[in-house]
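User: Please take a close look at a single part of this model and follow it outward into its surroundings. I would like one connected account, with the cut-offs stated as you go.

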Amino acid sequence: TRLHLIEGDLPAAQATIQKSAVDGSQIGLAHATLITPLYDCELTLAQAAYEQTVSRADQFITAIERSGGRVCLADAYFYKGQALLAQGEIEAAYQALTHAQTIASDLGAIRIVWRILAALAEVENERGNEEIATELRDEARTALDTIIKHIPEGELRTSFMTLPEVKATI
């Protein structure tokens, strides 16, 4: 699903998500209950179905919080924040993204921190806080540099660095 989303092939991503819902027992509980809902949030966000993204993120957040877990919680708040930002709900986006940042930082989840920081920079731009936005972009680049340094030289690093979201942050 993630590869289809990266390539912008939304129909294929949706088909994969639907298949995983049907075949959940075969792909494993973690994917069926954690990863698939997040890809669904990412898909609806890419489709500009922002209300649906917020609704699905909220459902996922509720389920995770009820279970006492925190895994992937920052991701759900990130997608919610992105959808709210796209809808022009700047303060609500700020709240979701700062909550995502807190969770991700507490967990040491650098894989999502850079994305959250980049989104928060957008929020601060919208709020007219260019200096804060610049600081957040710098923090996002620093976190991203840490990830890049841990990817072995070669095709994998190159392909990661050419992802549109990564290129925009670098």
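Analyst: What follows is a close look at one helix and its surroundings.

The model is a predicted one, in which local features need pLDDT of at least 70 and side-chain atom pairs count only at pLDDT 80 or more, while totals for chains, interfaces and linings use all residues. Residues are numbered from 1 along each chain as its sequence is written, and side-chain values use heavy atoms, with hydrogens and water left out.

The part in question is helix 8, and its salt bridges are a convenient place to begin. A salt bridge here is a side-chain nitrogen of Lys or Arg within 4 Å of a carboxyl oxygen of Asp or Glu, and ten of them are counted under this rule. In one of these, arginine 111 pairs with aspartate 75, with 2.8 Å between the closest N and O atoms. Because arginine 111 belongs to helix 8 (residues 110-126) and aspartate 75 to helix 6 (residues 73-86), the pair ties together parts 36 residues apart in sequence. Helices and strands are DSSP runs numbered from the N terminus, a helix being H or I over at least four residues and a strand E over at least two. The two partners are not equally accessible: arginine 111 is partly exposed, at 45% relative accessible area, whereas aspartate 75 is buried, at 6%. Buried stands for under 20% relative accessible area, exposed for over 50%, and partly exposed for what lies in between, using a 1.4 Å probe and protein chains only.

Another salt bridge joins the side chains of glutamate 165 and arginine 115, at 2.9 Å from N to O. This pair links distant parts of the chain, since glutamate 165 sits in helix 11 (residues 164-169) and arginine 115 in helix 8, 50 residues apart. Here the arginine is the buried partner, with arginine 115 at a relative accessible area of 12%, while glutamate 165 is partly exposed at 30%.

Beyond helix 8, arginine 127 makes a salt bridge with glutamate 91, the closest N and O atoms lying 3.0 Å apart. As arginine 127 is in the loop between helix 8 and helix 9 (130-149) and glutamate 91 is in helix 7 (residues 90-107), the pair ties together parts 36 residues apart in sequence. Both residues count as partly exposed, arginine 127 at 31% relative accessibility and glutamate 91 at 43%.

Arginine 115 and glutamate 165 appear again at the largest pocket, which holds about 1100 Å³ of space. Of the 38 residues in its lining, those closest to the centre are Arg2, Glu42, Trp114, Arg115 and Glu165. Two or more lining residues come from each of helix 1 (2-7), helix 4 (29-46), helix 6, helix 8, helix 9, helix 10 (155-161) and helix 11. Helix 8 contributes the most, with eight residues. A pocket, on a 1 Å grid over the protein atoms alone, is an open set of points where a 1.4 Å probe fits, with protein on both sides within 12 Å along at least five of seven lines, and lining residues have an atom within 4 Å of a point. Its volume is the space filled by probe spheres set on the points, which are joined across faces, edges and corners. The lining divides into 25 nonpolar, three polar and ten charged residues, where Ala, Val, Leu, Ile, Met, Phe, Trp, Tyr, Cys and Pro count as nonpolar, Asp, Glu, Lys and Arg as charged, and the others, Gly among them, as polar.

Helix 8 also takes part in the largest nonpolar core. A nonpolar core is a set of buried Ala, Val, Leu, Ile, Met, Phe, Trp, Tyr and Cys residues joined through side-chain atoms within 4.5 Å. The largest one has 37 residues, and Tyr77, Phe78, Ala104, Ile112 and Ile116 have the most contacts inside it. At least two of its residues come from each of helix 4, helix 5 (50-67), helix 6, helix 7, helix 8 and helix 9. In this case helix 6 supplies the largest share, nine residues. Another core of nine residues lies apart from this one and includes Trp114, Leu144, Ile147 and Val166. Trp114 is thus a member of that second core as well as one of the residues closest to the centre of the largest pocket.
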